[in-house]
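Grab a pencil and open the viewer. Here are a few short exercises, each with a worked solution.

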Amino acid sequence: EGGQTNENQIILPGYVELTFPAGEQEIEIVLPNPKGNPCYFRYTLVMEETGEILYQSRLIPPGQAVLQIKLSRPLPKGDYSVLIGIDSVSLADGRTPMNGGEQKVLLKVR
């Protein structure tokens, strides 16, 4: 927040570690699209080992965030390697791909 942005830059949030409750599908988490971004965001959480999609968000406008997600299934206790993908698409049409990113994150289920 507070940094200068321009229409040619996309700010991607970073994650290092996530903690989810075991056996739950509805999880509180903040998945933001920083204010000033020139695009919508779509988040995808994927189990690195299997490629299983745990969650995919709707398109998130700049300055808004998803605050709760529903996983595709509850997860048992353990540590998992998860990829958080952030795809971005143009505000003009909601379809034209822009830059994105992917981060490998440790998911602790407790």
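Before you start: this is a predicted model, where local features need pLDDT of at least 70, side-chain atom pairs count only at pLDDT 80 or more, and totals for chains, interfaces and linings use all residues. Numbering starts from 1 along each chain as its sequence is written, and side-chain values use heavy atoms, with hydrogens and water left out.

**Exercise 1.** Work out what Ser90 touches beyond its neighbours within four places in sequence.

Step 1: place the residue. Ser90 lies in strand β6, residues 78-90 (strands are DSSP runs of E, at least two residues, numbered from the N terminus).

Step 2: check burial. Ser90 has a relative accessible area of 15%, so it is buried (buried means under 20%, exposed over 50%, partly exposed in between, with a 1.4 Å probe and protein chains only).

Step 3: list the contacts (heavy atoms within 4.5 Å). Ser90 meets Tyr40, Arg95, Thr96 and Met98.

**Exercise 2.** Follow the trail to Met98: is this residue buried or partly exposed?

Step 1: find Met98 in the loop between β6 and β7.

Step 2: read the accessibility. Met98 comes out at 34%, so call it partly exposed.

Step 3: look across the chain. Pro38 is 60 residues away in sequence, yet its C-alpha atom is 9.4 Å from that of Met98. Pro38 is also among the contacts of Met98, including Ile10 and Cys39.

**Exercise 3.** Search the whole structure for aromatic pairs and say how many there are.

Step 1: apply the cut-offs. Rings of Phe, Tyr and Trp (its six-membered ring) pair if their centres lie within 6.5 Å; planes under 30 degrees apart are stacked, over 60 edge-to-face, and the rest tilted.

Step 2: count. The search turns up 1 pair.

Step 3: classify. The Phe41 and Tyr43 ring centres are 6.1 Å apart with planes at 80°, so this is edge-to-face. Phe41 is buried at 0%, and Tyr43 is buried at 0% too.

**Exercise 4.** Which residues touch the most other members of the largest nonpolar core?

Step 1: define the core: buried Ala, Val, Leu, Ile, Met, Phe, Trp, Tyr and Cys residues joined through side-chain atoms within 4.5 Å.

Step 2: pick the winners. Among its 25 residues, these are Phe20 and Ile69.

Step 3: see who contributes. β3 gives the largest share, 5 residues.

Step 4: check Phe20. Its contacts beyond four places in sequence include Ile27, Ile29 and Ile69.

Notes:
Helices (H or I, at least four residues) and strands (E, at least two) are DSSP runs, numbered from the N terminus.
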